[in-house]
Structures are given as structure tokens and as C-alpha cells.
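Got the viewer open? Let's walk through this one selection at a time.

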Amino acid sequence: MDSDGCKPEQQAGLRGSPKIPQRRSTPSWTQRTPAGLPSGMPGIALEIDGAIQHAPQLSRHAWAEFGRRAADIGSYWLGKWGNPALCHRAAAAFGAALSRKNQGNGSARLKAPFSSLSAMSLFRPDLLTKYDAAGPRYTSYPTALQFTDTFDPAHYHRAAADPGAASADLSLYFHIPFCDTVCFYCGCNKIATKNRAHARPYLDRLKRELVLQAACFDTTRPVSQLHWGGGTPTFLSHDEMAELMAATAESFRLLPDARAEYSIEVDPREASAETIGVLRDLGFNRLSFGVQDFDLRVQQAINRVQPLETTQMVMSAARAEGFKSVSVDLIYGLPHQNVESFSRTLDTIITLAPDRLSVFGYAHMPSIFKMQRQMDEATLPSPAVRLAILERVIEKLTDAGYVYIGMDHFALPHDELAVAQRAGTLHRNFQGYSTQADCDLIGLGVSSIGKVGDVYAQNAKDMAGYAAAIDRGELAIARGVQLSTDDRLRRDIITEIMCQFSLRFDAFEAAYGIRFEAAFASELERLKSLEADGLVKVNHDGIDVLPAGRLLVRNVAMIFDRYLGGNLAGNAKPRFSRTI
Ligand SMILES: C[S@@+](CC[C@H](N)C(=O)[O-])C[C@H]1O[C@@H](n2cnc3c(N)ncnc32)[C@H](O)[C@@H]1O
Ligand code: SF4
């Protein structure tokens, strides 16, 4: 069992900034593995002296040359993350050079560089209003609504034991449901408690579940992805977190830092700089912070007061510890928000220069999430204001150099999500967008969902049910679905649309032995009205989601969802959030 990925000394190479050589005006590019990067990772280091603080003064030629060299290698690395202007210029230069390079190579996928899409071409208020409807987010297809209680866990065991899957990596998801206080808007599966002692029995059960799950799989398969979500994973103490990671390494084959994508959701109110260091030492190399909004009035209304200094502190700790990707969650559509107030939040977050941003539209479903009733509905922004805020989000983030990935996600061009999208390898799983397609995903903890081969399986959603199953020595699978051939085909179509904004019929015809236009004649017919509105372009070789359709990509995907019908907007009890 290879548990090297968890050893702090393996990560030491990532820490700290490199020496900045003293030069006056000409940047130097180091085309080698820069000091401070793990060996084997190609990179280009942008090393500039004090003039780095005045990065905008560098000549366009100098930036273009940096971008060209970085694009040749496929990555770059900055020694001074603290300077947002530098980050944006470098990211933009890299993205532009990569796009040029890909187009020069005749890449069919990259019709227009994503980074060059203007806010205006993405944001069409008339279409956003027309197509605003409740719909799935397609973190899976079929969606969790199709999971049934009659699902036989034997399907899961068979899929886990399938020798055909032995070459695929594993992905582990741990759900830590506890939160110290509850945010009124929250739609996550969480348990609000101040009693930290609740963590102990839960941790013990997670460790037992790890052993039970490991017994189902070939554990020589490497764990290339690992994610702790919640709730609030940092509700656990430092020792408890270390214990869980050690137990994971005992049951599964964790990977060294350079080959691992290990991420965690962090509530900045529940983490000190020391916590961030502990997480890095445990092997995490990506993290996301919940922020939502910096405006105090909004924070009070949502029961989440989080001073800016708290967020700044954890973000600079994450940089200092060498996390490879730092992401921030914001929400628009919360009480008291308006365009000006959210603009200030955006300006602030841009100065902190996270690699990724998730800007979620607030999903208001008080019939399901009772705590949402604590907020006065009269203080929620109107649909028109929500739309205006979204417009500002797109304007500000694209101006700041962020690329729209899809479905609320933005990333700087150097970030691996943006890189994966350009390469056509972006994927989608229960945590949102992901860079790895072929992993089997093992879900651990209450309510977690796993995806193994053609099976989705979800653990009991209530703690009592989860605990009872684990205490009996069984997996806690309560619901699931075994995909049919039609489900698999539609899952691939929906993934392609959601991740690449484009699909080519011949790839599906070769993989599934179908004639796409015949098999999906009625779907293509229904796409015609979206085409007339400029959301998509359909021709005889494929479908392309046009810029105006990108914010509405799930409406395009919904055309291919066989299960939609009774679950759309207008139902008595909404099961999906609205598209905008
Ligand atoms: C599990 S939380 C993040 C980690 C940690 N608990 C925290 O809050 O910092 C996941 C994210 O889901 C988003 N979220 C939760 N409820 C939502 C809702 N009703 N509508 C939109 N986004 C929501 C928030 O942005 C939140 O940061
Ligand atoms: S947003 Fe995060 S901290 Fe707030 S209740 Fe939800 S899971 Fe807990």
C-alpha cells in the first residue's frame, strides 16, 4: 500500500516562494522545473524582481513571449501569488497563447477561445428570462430523483468487483455533515450542532465504512481524487482529521502530491492558519472556501457573519502553504443583495485572486429546506435584480481574466479546470466539474453518493439509518440506480454538452452503434426552437452551444433527459433549482 501522498515531506517542495532574482525591467522565464515545484512537473517560472509589483508596466511583447513559452509547456507557475494584477496578466497571456496554439493545430473543439468570450455574448437577458425554469444541475444522469429504494446493493458489489474496471483510478468522497451554526440559505445535507463530541462516533463509523468499501474493490487501484465535503469538514479537530486520513491510507492507495487531486471544503470561520497548514500536511492540495457575500447586512440576514479579515487570512495561508488551486463560493440572490452591493463583493474577491470561483444562484426551496423560512422573502432580490447581478458577475469576472467554465463556475486560464476544458477532458461528477473522467467514485458518510461503473448508489440520508447499517457491519447503501444502455448514452451526451458545449455525432455513432440523427430525431426537432433563439447551432455533424446558450447549458442538456416531464417548474413541490 502506497501511502506516500500523506507524508508532509513529500509536499515540502511546494512550499514557500522561489528566490526572486534582482533585475530591473526584463522578466526572466525559467524553462525548467523551477525550484519549489515537485520533480517531474514541467513548469515555467516567471521570476521577476521588485518590478513584479508593477507587472502592468511590462511590455505586451514580454507578456506574449511568456504566454507562448508557457503554452509550449502546457503550464506555468508564478512565484508571487500575492499580486493579483500579475496573476491576471500571466493567466491571460497563457490562455491567449494556448488558444492560438490549439487553433493553429486545427483543434475542432476550440471554435473560439473561451477566455475571449465577452460578457455581452454570454449574457442575453431576454433569453435568460425566457428560459428560466427549474431544472437539474446534472452532477449525475439519471439524477438522484431516479434513484429507487428498491435498488439491490448486489449491483454495487458486482460493479465494484468488475475486473474490467481495474485500470481505472478511484475517487473517494467523504461527507462530514456537521456545522457549528446553520446558514439560513443552506441546501446542503448538514447537522447543526455545537457539540464537537458528535464527531467521534461518526469518525469511528467512517473508519469502519472505509474497511467495508475497501473489501469491495481492488485496492491497488490508485486514489487520484479525494474530496471532503459537507457540512463543514473542518468541524473535525486536527487530530480527528489526521486520524481519518491515516485510516484512508491504510485501506486505499493514496498517491504522492504531484499525482493527487485531493480537495476539501473549508468554512473560513472554522479554520485557522494552522488548520490550513495541517490540511496541506495531510495531503490536501486543493481547497474551496465558503464566502457567499462580504456585505454585513447580507451576512446578518443569512446568519453567517464572516469578516473579510477571516477570509483574507485563510486565503493567504492557503497560498503560503502551496495549495495548487484555491476556490471561493459566492451566492447571488440572497436577501438585501443588489447590483452595487454585490459588485463590491466581486471587487474584493477579485483582489484576492482565487484560481476558481463558484458563483451560485441562490436556490430558494423553503418547502424542502425549512431554515430558508428564517429569511424574509420580501428582502430577496427580484428576478430582474438577480439577472442584473448575474450580468455584473459575468462582466467583472471576465474583465478580471476569468473563463466561464459552465454552470456557475469560473476559473483563471491556468487553472486545471480551464485547461481541461480547452483540452476537451473536462468532466462532471457529484462535486461539480472535475478533470478526471474514468474514476469510480466511492461515497463515504451519511447521504454520500457513489458512482461505480454503471451504478449510482446513495448512502442513507439520515444519520440513524447510516449508523444502523454500519453498526450491522454493512454498507449504508439505501437507494440507487443501475443504468440502462439508454441512460449511459444520454449520460455521455449530457456530459459532453455540459462540459464541452459541443458534441459530434460521429463519436457517439462509433461508441454506441447508432445513427444519431435517427435515434434522437425528436430531441433534434425540439432543439430547433433553441436554435432559432441563437442558443445552439445544429448541423449534420453535431451540436454546438453558442455563447448565448452557455449560461443556459442545462436547458440544452434537459432536451436529452428522458426522465423530465412532471418535475419542471410549476410543480407544487419544486425538486430542482431554477436555471438562473
Ligand atoms: C458545503 S458548503 C461549503 C463548505 C462550508 N460548509 C462553508 O459553508 O463554508 C457548499 C456551498 O454550497 C453553496 N450553497 C449552499 N446552499 C445553497 C443554496 N441554497 N443555493 C445556492 N448555493 C448554496 C454555498 O455557496 C456553500 O459554500
Ligand atoms: S453553507 Fe456550509 S456552514 Fe453554512 S450551513 Fe451550509 S454547510 Fe454549514
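Start by selecting Gly534, which follows helix H19 and has a positive phi, near 85°. Keep in mind as you click around that this is a predicted model.

Now step back along the chain and select H19 itself, residues 521–532. How far apart are its end C-alpha atoms? They sit 17 Å apart, and that agrees with the 16 Å its 12 residues should span at 1.5 Å a residue. Colour H19 by burial and you'll find it hardly covered: 1 of its 12 residues counts as buried. While you spin it around, a handy reminder: an α-helix has 3.6 residues a turn, so residues three or four places apart point the same way.

What does H19 lie across? Add strands E22 and E23 to your selection: H19 lies across both of them, running at about 135° to E22.

Next, bring in E21 to complete the sheet. You now have an open sheet of 3 strands in the order E21-E23-E22, with antiparallel pairing. The edges are E21 (502–504) and E22 (536–539); each has a single partner strand, so one side of each is left without a neighbour in the sheet. Look at how the strands are set against one another: ignoring direction, neighbours are turned by 10° on average.

Zoom in on E21 and E23 (residues 542–545), an antiparallel pair joined by 3 bridges. For a landmark, pick Arg504 and look opposite: there you'll find Gly542 in E23.

Which helix lies across E21 and E23? Select residues 485–500: that's H16, running at about 135° to E21.

Time for the ligands. Select ligand 1 and the 17 residues around it; the ones that come nearest are Gly187, Asp267, Gly290, Asp329 and Phe360. Strands E7 (222–230), E10 (286–292) and E11 (325–332) each give two or more residues to this shell. Colour the shell by type and you get 7 nonpolar, 7 polar and 3 charged residues.

Move on to ligand 2. Around it, select Cys179, Cys183, Cys186 and Cys188, then add Val182, Lys190, Gly230, Gly231, Thr232, Asp267 and Gly290. This shell divides into 5 nonpolar, 4 polar and 2 charged residues. Asp267 and Gly290 are worth a second click, as they turn up around both ligands.

Finally, zoom out to the whole protein, with its 21 helices and 23 strands. Of its 580 residues, 47% are buried. Among contacts with a separation of 6 or more, 74% are between residues 24 or more positions apart.

Definitions and conventions
Residues are numbered from 1 along each chain as its sequence is written. Chains are lettered from A and ligands numbered from 1 in the order in which they are written. This is a predicted model: local features need pLDDT of at least 70, side-chain atom pairs count only at pLDDT 80 or more; totals for chains, interfaces and linings use all residues. A residue is near a molecule or strand if its C-beta atom, placed from the backbone, lies within 6 Å of it. Helices (H or I, at least four residues) and strands (E, at least two) are DSSP runs, numbered from the N terminus. Ala, Val, Leu, Ile, Met, Phe, Trp, Tyr, Cys and Pro count as nonpolar, Asp, Glu, Lys and Arg as charged, and the others, Gly among them, as polar. A residue is buried if 20 or more other C-beta atoms lie within 10 Å of its own, exposed if 12 or fewer, and partly exposed in between; C-beta atoms are placed from the backbone. Two residues are in contact if their C-beta atoms, placed from the backbone, lie within 7 Å. Two strands pair if DSSP finds at least two bridges between them. Axes are lines fitted to C-alpha atoms, for helices over the stretch in contact, and angles run from 0 to 180 degrees between N-to-C directions. The expected span of a helix is 1.5 Å times one less than its number of residues.
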